[in-house]
Amino acid sequence: MAVTGSVTIEHDGAVVVQANLPDQAAQTKAGDVVYLRDVVRTETDSRVSINFIDGSSFNLSSNARMTLDEYVYEPAGKSNSSFFNLTKGTATFVAGQVAKTGDMKVDTPVATMGIRGTTPHIEISDDGGVKFSTLIEEGKSKLLKKNGTTTARQPQETGPRMKICRGC
């Protein structure tokens, strides 16, 4: 896990007792573990990158809220699965082996996205609107075959270029 700014992890069913601790005592830090049903929150000007054992990476930016509802990964397994619930903010997800060998989903207030090995970018605005896009690695394009000819299709940019942090 890589952390910038103020990020908290709320553990499901945990009781937090705090008595005269400095403000930063409960701050999430690099290396902290995220467990099943944990809620990860980022504050203003904060971000977190959560790396999973299958090679997946979930990146949250400012003012985001994500819950890890399910995560099953066995390297030789065929029933791998993960389910993330994003209710607020912006997330970029780099799919790992779970997407290729099982069922990976991200739930939002308006739709559930099935991930099959792409890099989705999801933005949930304060008014509840949701924007989905797929990031394409810089310098790459897909070739389309149309009526016997091959044409290069360039990605459309709808916003700022995203740089994805793997293991930062």
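This passage describes the overall make-up, strand pairing, nonpolar core, salt bridges and selected backbone angles of a predicted model.

The protein contains one helix and 13 strands. Read from the N terminus, the order of elements is β-β-β-β-β-β-β-α-β-β-β-β-β-β, which places the helix between β7 and the strand that follows it. Of the 168 residues, 33% count as buried. The exposed surface amounts to about 10600 Å², and carbon and sulfur atoms supply 49% of that area. Among contacts with a separation of 6 or more, 48% are made by residues 24 or more positions apart.

Strand β3, which spans residues 39-42, takes part in two of the pairings described here. With β2, the pairing is antiparallel and extends over four bridges; within it, I9 has V40 of β3 as its bridge partner. With β6, β3 also pairs in the antiparallel sense, over three bridges, and R41 stands opposite R65 of β6.

The surroundings of V39 can be described in the context of these pairings. V39 belongs to β3 and has a relative accessible area of 9%; because this value is under 20%, the residue is classed as buried. With residues up to four places away in sequence set aside, V39 touches T8, I9, E10, R65, M66 and T67. One of these residues, R65, is separated from V39 by 26 residues in sequence, while the C-alpha to C-alpha distance of the two is 6.9 Å.

The largest nonpolar core is made up of 28 residues. Within this core, V40, F58 and L60 are the residues with the most contacts. Strand β7, residues 80-94, contributes four residues, the largest share of the core. For L60, neighbours within four places in sequence again being left aside, the contacts are V40, T42, S46, R47, V48, M66, L86, T90 and A91. V40 therefore appears both among the contacts of L60 and among the core residues with the most contacts, and a core residue must by definition be buried, that is, under 20% in relative accessible area.

A search of the whole structure finds three salt bridges. In one of them, R41 is joined to E10, and the closest N and O atoms are 2.5 Å apart. R41 is located in strand β3 and E10 in strand β2, residues 7-10, so this salt bridge ties together parts of the chain that are 31 residues apart in sequence. R41 is partly exposed, with a relative accessible area of 27%, and E10, at 34%, is likewise counted as partly exposed.

The other salt bridges involve D103. With K105, D103 forms a salt bridge in which the closest N and O atoms are 3.6 Å apart. The side chains of D103 and R116 also meet in a salt bridge, with an N to O distance of 3.8 Å. This second pair links distant parts of the chain, 13 residues apart: D103 is in strand β8, residues 102-107, whereas R116 is in the loop between β9 (112-115) and β10 (120-124). Through shared partners, the salt bridges join D103, K105 and R116 into one network. In this network, D103 is partly exposed at 29% relative accessibility, and K105 is partly exposed at 30%. R116 has a relative accessible area of 53%; because this is over 50%, R116 is classed as exposed.

Positive phi values in residues other than glycine were examined at two loop positions. D45 has a phi near 55° and is placed in the loop between β3 and β4, the latter covering residues 47-51. With a relative accessible area of 65%, D45 is exposed. For N63, phi is also near 55°, again a positive value in a residue other than glycine. N63 is located in the loop between β5 (57-60) and β6 (65-72). At 30% relative accessibility, N63 counts as partly exposed.

Methods: Residues numbered from 1 in each chain as written. Predicted model: local features only at pLDDT ≥ 70, side-chain atom pairs only at ≥ 80, totals over all residues. Heavy atoms only, no water. Buried < 20%, exposed > 50% of the residue type's maximum accessible area, 1.4 Å probe, protein only. Contact = heavy atoms within 4.5 Å. Salt bridge = Lys/Arg side-chain N within 4 Å of Asp/Glu carboxyl O. Areas by Shrake-Rupley, 256 points an atom, 1.4 Å probe, with all protein chains shown as cover. Core = buried A, V, L, I, M, F, W, Y, C linked by side-chain atoms within 4.5 Å. Pairing = 2+ DSSP bridges.
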